[in-house]
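User: I'm new to this one and would like a close look at a single part: the core, along with whatever surrounds it. Could you walk me through it in plain words?

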Amino acid sequence: MPLDPICKKIIPENSEYISDYGGKTYYFCSPECKQKFDVLEKSVIRLKRNLSEKEKISFGKLKKDIIKPGICTLCGACASSCEYITIENGAPKLVGPCKACGVCYYQCPRTITTEEGLIGSFRYAYAAKSAIPEMKGQDGGVVTSLLLYALDEGLIDCAVVTTRSKEEPWKPIPKVAKTREEILESGGSIYSHSMTLEALMSAIKQGMHSIAFVGTSCNIDAVTKMQKSSYGLLHLFMRAKILKLGLFCMDTFAYEGIKAVLESYGITLENVEAMKIRKGKFEITLKDGKEHILELSDFDEYRSSSCQFCTDLASENADISFGGVGSPKGWTTVLTRSAIGYEIFNEAVDNGYIEARHLTDEELEKVLNLAKMKKVQMYALHMRQKVGKKWDKSYFLR
């Protein structure tokens with residue numbers, strides 16, 4: 001005897017209330033149950049049609065990202081939205097043909113699929129580059145140009161930036177930059193962690209009232225937390241206005257590790273003009289113009305342990321975020337987030353310091369794809385096992 005899928009009552013097969021859906025016939029005890037089912041069916045069809053115009057996502061992706069790593073909540077959202085998914089032995093299972101409509105993946109509470117969920121809220125996304133002819137910076141040199149504009153206009157007293165050590169080439173040194181020359185020296189990316197919070201506290205103690213702070217997501221988060229819960233820091237943070245300029249960051253590496261890998265290829269840091277991570281490669285440009293492209297996997301053992309737990313590619317708590325992914329070569333992707341971030345960026349554009357245009361949907365999609373990789377990296381089963389082995393069980397008994 002068939003079961004009414006709405007009220008769960010057993011009903012005879014000769015019921016006059018029936019609906020055909022997905023090649024299967026459903027029976028109902030009343031016109032009310034049939035109507036409820038038909039409305040639900042139309043909603044699911046409309047959702048599938050909408051998702052079909054986007055990325056094709058199959059049940060296999062849900063299995064790989066969510067079910068196999070063991071982070072499925074068993075909420076049943078996937079099974080309730082697809083007639084070919086059921087729950088068996090404590091896990092979702094595909095029992096029919098998958099049309100890669102993406103419904104199961106988009107309904108799962110553990111997947112991250114919205115723009116805001118991946119890169120945080122923002123007002124506008126731009127592709128930008130410096131309009132200052134002599135500017136030499138990473139990608140489009142936009143961060144440096146923005147700092148120069150803010151300093152020239154008297155909008156900031158100083159900028160907390162990272163420069164390279166003169167004694168140990170490419171070793172990051174946090175600095176309180178108060179002049180154009182000091183800001184220009186900070187151009188370019190350094191893929192080792194910089195303790196910029198010390199420099200920020202130094203700037204505040206020196207009486208700087210308006211400070212631009214440049215850092216990766218972890219450093220931006222630290223500043224944000226200090227501002228929101230400034231236990232013992234009231235007299236410092238009430239006196240300073242901080243413009244948070246966040247850098248896109250996928251990984252950082254130990255300085256000694258970068259040095260060791262490069263030396264294994266016969267490259268000394270003294271001869272390196274620029275470094276860049278692009279498309280899974282570590283690109284090195286020497287002072288004589290020669291380029292070396294190394295596998296990023298060469299640096300895996302020197303990857304900062306904290307990066308294994310970070311899920312924020314785009315510095316979501318910044319006033320403005322900057323990165324190389326998405327925009328064409330020689331340009332910077334810019335996400336203006338806060339009102340002051342949007343205002344100061346566009347003023348720099350209007351005053352000729354920066355050239356900018358809106359980011360295209362295709363370019364933004366590249367940012368979202370990389371952000372998704374970072375968001376779900378903690379879900380990887382092999383990563384959880386690897387990290388778990390490093391913990392002494394006695395730690396949890398303390």
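Analyst: **The core and the sheet around it**

Let's start in the middle: the largest nonpolar core is made of 29 residues, and Leu147 and Leu245 are the ones with the most contacts inside it. Quite a few elements chip in, with at least two residues each coming from β5 (124-130), α6 (142-152), β6 (158-164), β8 (210-216), β9 (241-247), β13 (320-323) and α12 (339-350). The top contributor is α6, which gives 8 residues. Keep in mind that what you're looking at is a predicted model.

Now zoom in on Leu147. If you skip residues up to four places away in sequence, Leu147 touches Ile156, Ala159, Val161, Ile183, Ala212, Val214 and Leu245. A second core, with 20 residues, lies apart from the one we've been looking at, and its members include Met201, Ala203, Phe213 and Leu236. In soluble globular proteins, nonpolar side chains tend to end up buried together.

Next, the sheet. It is an open sheet of 8 strands, and if you walk across it you meet them in the order β7-β6-β8-β9-β13-β14-β5-β15, with mixed pairing. β7 and β15 sit at the edges with a single partner strand each, so one side of each has no neighbour in the sheet. From one strand to the next, the twist averages 30°.

Let's take that walk, starting from the β7 edge. Strand β7 (residues 172-177) runs antiparallel to β6, and 6 bridges join the two. One spot to look for is Thr162, whose bridge partner in β7 is Pro174. β6 itself is largely enclosed by the rest of the structure, because 6 of its 7 residues are buried. On to β8: β6 pairs with β8 in the parallel sense, over 3 bridges. There you can find Cys158 with its bridge partner in β8, Ile211.

Keep going and you reach β9, which runs parallel to β8 and is joined to β8 by 7 bridges. Look for Ser210, which stands opposite Lys241 in β9. β9 is mostly covered, with 5 of its 7 residues buried. After that comes β13, parallel to β9 and linked to β9 by 3 bridges. Leu247 has Phe322 as its bridge partner in β13.

Further along the order is β5. β5 pairs with β14 in the antiparallel sense, over 5 bridges, and the bridge partner of Tyr126 in β14 is Val334. β5 also pairs with β15, again in the antiparallel sense and over 5 bridges. That pairing includes Lys129, whose bridge partner in β15 is Glu355. β5 is mostly covered as well, with 5 of its 7 residues buried. In a regular strand, side chains alternate between the two faces of the sheet.

While you're at this end, have a look at the loop between β13 and β14, where Ser327 lies. Is Ser327 buried or exposed? Ser327 has a relative accessibility of 7%, and buried means under 20%, so Ser327 counts as buried. The side chains of Ser327 and Thr333 are joined by a polar contact of 2.8 Å. Leaving out neighbours within four places in sequence, Ser327 is in contact with Tyr126, Ala127, Thr332, Thr333 and Leu359. Tyr126 may ring a bell: Val334 in β14 is its bridge partner.

One helix also packs against this end of the sheet. The buried residues of α13 pack against α5 (115-119), β14 (332-336) and β15 (354-358). Those buried residues are Glu363, Leu364, Val367, Leu368, Ala371, Lys372, Lys374 and Lys375. Helix α13 (residues 361-375) has 15 residues, and the 20 Å from its first C-alpha to its last is close to the 21 Å expected at 1.5 Å a residue. An α-helix has 3.6 residues a turn, so residues three or four places apart point the same way.

One last stop is a glycine. Gly102 is in the loop between β4 (91-94) and α4 (103-107). Its relative accessible area is 2%, so Gly102 is buried. Along the chain Gly102 and Ser58 are 44 residues apart, while 5.9 Å separates their C-alpha atoms.

How values were computed
Residues numbered from 1 in each chain as written. Predicted model: local features only at pLDDT ≥ 70, side-chain atom pairs only at ≥ 80, totals over all residues. Heavy atoms only, no water. Helix = DSSP H or I, 4+ residues; strand = E, 2+ residues; numbered from the N terminus. Buried < 20%, exposed > 50% of the residue type's maximum accessible area, 1.4 Å probe, protein only. Core = buried A, V, L, I, M, F, W, Y, C linked by side-chain atoms within 4.5 Å. Contact = heavy atoms within 4.5 Å. Expected span 1.5 Å × (residues − 1). Pairing = 2+ DSSP bridges. Axes fitted to C-alpha atoms, helices over the stretch in contact; angles between N-to-C directions. Polar contact = N/O pair within 3.5 Å; in protein donor to acceptor, adjacent residues only side chain to side chain.
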